[in-house]
Amino acid sequence: MDIDHWKQGLNDLPLGDVYIYQEVESTNSEAEKRIQEGAPPFSLVLADAQTAGRGRQGRSWITRPGTALALSWILYPEPGRIQQELLGRLAGLGAVAVWEVLQEEYQLSASVKWPNDVLVEGKKIAGILPEVHWDGCQLTDVILGIGLNVHREALPQDAEFIFPATTLEDCLGERVSRLEFLQQIMTSLLKWYGRLAEPTLINTWNSALAHREESVVLSTSQGEIARGVVLGVKDDGSLSLRDATGVVQDFHSGEIQVRLVDRS
Ligand code: BT5
């Protein structure tokens, strides 16, 4: 990765500082360090490879050199701007921004699997990891981590993921520039961050939502917690489900996994 070339390529975007590394453990961890050192708002941490990229609940995220995008975007929401109900929208913000680029720039039929996956043809192409930090009751910063599989080699041949995975190259049948893809993603993130509190974010999230009106099982590491038909995402980013008895319940993200009910 030619760091100067990548920095130049991001010059026209209204970002804070841009930190680019050949290899880090995790861009989210690196972003935490940059925040401690006073990184300005909208700063971006980017790495060509991660040795300990992370997903939710201690799961790992693979970023192989030269093949993918691993980024962490640093946000300091103005006091009062992110209330509790907006926090649940952060994964949606990242997912909708990626979804829109895939749809509009690459004409791919993408969807967003609640809470944090972006799928193409039912396979995971991107994962979102929002991390929120507090000082007592005061929200101090948000790190929005996004991992995207770009070139075919992003996925090890013997990868055993919990969900099927894909790459942009596999979906398009051709290679695209990672830098161009990054520029499109950051432009989309900036646009959707400006709409975090607006109904349009939830409306778009709902129109992109995978498994709508389908039967799914929700589980955590403790096992199954609910099953029912997906009704949609609520204003606070929770998932609304109707169970077999007609009772509607809302679930907040965190550690929940969604799976289609196995009909076989
Ligand atoms: C996620 O977690 O999907 C969030 C992934 C966020 C990664 C970004 S990269 C930049 C930033 N820095 C970090 O350290 N993290 C963020 P989760 O829903 O828990 O899914 C994790 C699961 O996805 C793993 O257990 C694997 O089964 C699978 N997986 C790992 N690497 C993958 C990849 N490259 N493509 C598709 N699936 C993958």
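I began with strand 1 and strand 2 (residues 44-50), which run parallel and are joined by six bridges; this is a predicted model, and I read every entry below with that in mind. To fix the register of the pair, I looked up E23 and found that A49 in strand 2 stands opposite.

Next I asked which order the strands take in the open sheet, and I wrote down 1-2-3-7-6-5-4, a sheet of seven strands with mixed pairing. The edges are strand 1 (18-24) and strand 4 (110-113), each of which pairs on one side only. From one strand to the next the twist averages 20°. I also noted for my own reading that side chains in a regular strand alternate between the two faces of the sheet.

I then turned to helix 4, which covers residues 90-104, and I compared its span with expectation: its 15 residues reach 21 Å from the first C-alpha to the last, close to the 21 Å expected at 1.5 Å a residue. Is helix 4 buried or exposed? I counted 13 of its 15 residues as buried, so helix 4 is largely enclosed by the rest of the structure; buried here stands for under 20% relative accessible area.

My next entry concerns the ligand, which 28 residues surround, the closest being S26, R54, R56, R59 and K124. I looked up individual polar atoms and found that the side chain of R59 places an N or O atom 2.7 Å from an oxygen atom of the ligand, while a polar backbone atom of R56 is 2.8 Å from a ligand oxygen atom. For Q50, a polar side-chain atom lies 3.1 Å from a nitrogen atom of the ligand. How much of the ligand does the protein bury? Taken alone the ligand exposes 800 Å², and the protein buries 96% of that.

Last, I followed the chain through strands 9, 10 and 11. Strand 9 (residues 223-233) pairs with strand 10 (residues 239-242) in the antiparallel sense, over four bridges, and in this pairing V229 stands opposite R242. The two strands form a hairpin with five residues between them, and in the turn I noted G237, whose phi is positive at about 85°. Strand 10 also pairs with strand 11 (residues 248-251), in the antiparallel sense and over four bridges, with L241 opposite Q249. Strand 10 and strand 11 form a hairpin with five residues between them, and G246 in the turn has a positive phi of about 90°.

Key:
Residues numbered from 1 in each chain as written. Predicted model: local features only at pLDDT ≥ 70, side-chain atom pairs only at ≥ 80, totals over all residues. Heavy atoms only, no water. Pairing = 2+ DSSP bridges. Expected span 1.5 Å × (residues − 1). Buried < 20%, exposed > 50% of the residue type's maximum accessible area, 1.4 Å probe, protein only. Near = heavy atom within 4 Å. Polar contact = N/O pair within 3.5 Å; in protein donor to acceptor, adjacent residues only side chain to side chain. Areas by Shrake-Rupley, 256 points an atom, 1.4 Å probe, with all protein chains shown as cover. Axes fitted to C-alpha atoms, helices over the stretch in contact; angles between N-to-C directions.
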